[in-house]
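Student: I would like to test some labels against their definitions. Can we take them in turn?

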Amino acid sequence: MDYQNRAGSKFGGGGVASQSATNADRRERLRKLALETIDLDKDPYFFKNHVGSFECRLCLTVHQNDGSYLAHTQGKKHQTNLARRAAKEQKEGKGQIDPQTGLPVGVVGAGFAALGLGGVRKNVVKIGRPGYKITKVRDPVSRQQGLLFQLQYPEITSDVVPKVRFMSAFEQRVEDPPDKNFQYMLVAAEPYETCGFKLQAREIDRTGERYWTWWDKDLKEFWVQVMFLTEREERYVGVPGLPGRR
């Protein structure tokens, strides 16, 4: 802390710090100490908004800097809300651990049932995410833009075919608040974790061979092609008198 150049002190001498300066220095030291032990990137309730302020998603408070947020996390309001959230999750069974698999009950291993893809919910030990490759494609005739997904499932369960589901931004619970400009494509195949791809919220062309999926049993690869309607087609889709799309 710099005690130099204070009122009533000689050059090079240490002046007496005011109460406000002492408090500011103490808060800065505590902030640096907390940042060494706390990783804000792993805090599920820490959020930086578009104006540069920091928000607490749990308490719905706004803070001007990370030091103010760290001080808030040690306060009574935040700790009380944490206790309430923990009690609620324990009541709903979200925090319980399956003794057989060592995984959270009702969260991991939900399978296709949790995705709305049918099937019976069962506990399956997940082995990680599959490898994937995404290629941009464009139709030379219609000039439609699209994406080609290639996913590798070398350890997939026998007699299991990957399934695809499209989800709107308001159905997912990963990003909050939801952004209506995006949608999500989910690909599920046991025992792998479900993969989610964030796409633009544009209408998908399902006519002909624009949209297709293919499962290669020999190479254990799953292919998905998604083609989006052009801006002109999206503007005039559903207009009476024009040919519709099925």
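Tutor: We start with salt bridges, then turn to burial and the sheet. Keep in mind that this is a predicted model.

Student: What makes Arg210 and Asp139 a salt bridge?

Tutor: Their closest N and O atoms are 2.3 Å apart. The rule asks for a side-chain nitrogen of Lys or Arg within 4 Å of a carboxyl oxygen of Asp or Glu. So the pair qualifies.

Student: What does the pair tie together?

Tutor: Arg210 lies in the loop between β8 (195-200) and β9, and Asp139 in the loop between β4 and β5 (145-152). The pair therefore ties together parts that are 71 residues apart in sequence.

Student: Why is the link between Arg210 and Asp205 also called a salt bridge?

Tutor: The N to O value is 3.9 Å. The cut-off is within 4 Å, so this pair counts too. Asp139, Asp205 and Arg210 are thus linked in a network of salt bridges.

Student: Which of these three residues are buried, and which are partly exposed?

Tutor: Buried means under 20% relative accessible area. Asp205 has 1%, so it is buried. Asp139 has 16%, so it is buried as well. Arg210 has 24%, which makes it partly exposed.

Student: How do you know that Arg29 and Asp25 are about one helical turn apart?

Tutor: They are 4 residues apart in helix α1 (residues 19-37), and that is why. They also form a salt bridge, with the closest N and O atoms 3.1 Å apart. Asp25 has 22% relative accessibility, so it counts as partly exposed. By this rule the count comes to 4 salt bridges.

Student: Is His78 buried or exposed?

Tutor: His78 is at 3% relative accessibility, so it counts as buried. It is placed in helix α3 (residues 76-92). Leaving aside neighbours within four places in sequence, His78 contacts Cys56, Leu58, Cys59, His72 and Thr73.

Student: What makes β9 and β10 a pair?

Tutor: Pairing needs at least two bridges. 5 bridges join β9 to β10 (residues 221-227), so the strands pair, and they run antiparallel. Trp212 has Gln225 as its bridge partner, while Trp215 stands opposite Phe222. The two strands form a hairpin with 4 residues between them. In the turn, Lys220 has a positive phi of about 55°.

Student: Why are β4 and β9 called edge strands?

Tutor: The open sheet has 4 strands in the order β4-β5-β10-β9, with antiparallel pairing. β4 (131-138) and β9 (212-216) each pair on one side only, which is what the name records. From one strand to the next, the twist averages 15°.

Methods
Residues are numbered from 1 along each chain as its sequence is written. This is a predicted model: local features need pLDDT of at least 70, side-chain atom pairs count only at pLDDT 80 or more; totals for chains, interfaces and linings use all residues. Side-chain values use heavy atoms; hydrogens and water are left out. Axes are lines fitted to C-alpha atoms, for helices over the stretch in contact, and angles run from 0 to 180 degrees between N-to-C directions. Buried means under 20% relative accessible area, exposed over 50%, partly exposed in between (1.4 Å probe, protein chains only). Contact means heavy atoms within 4.5 Å.
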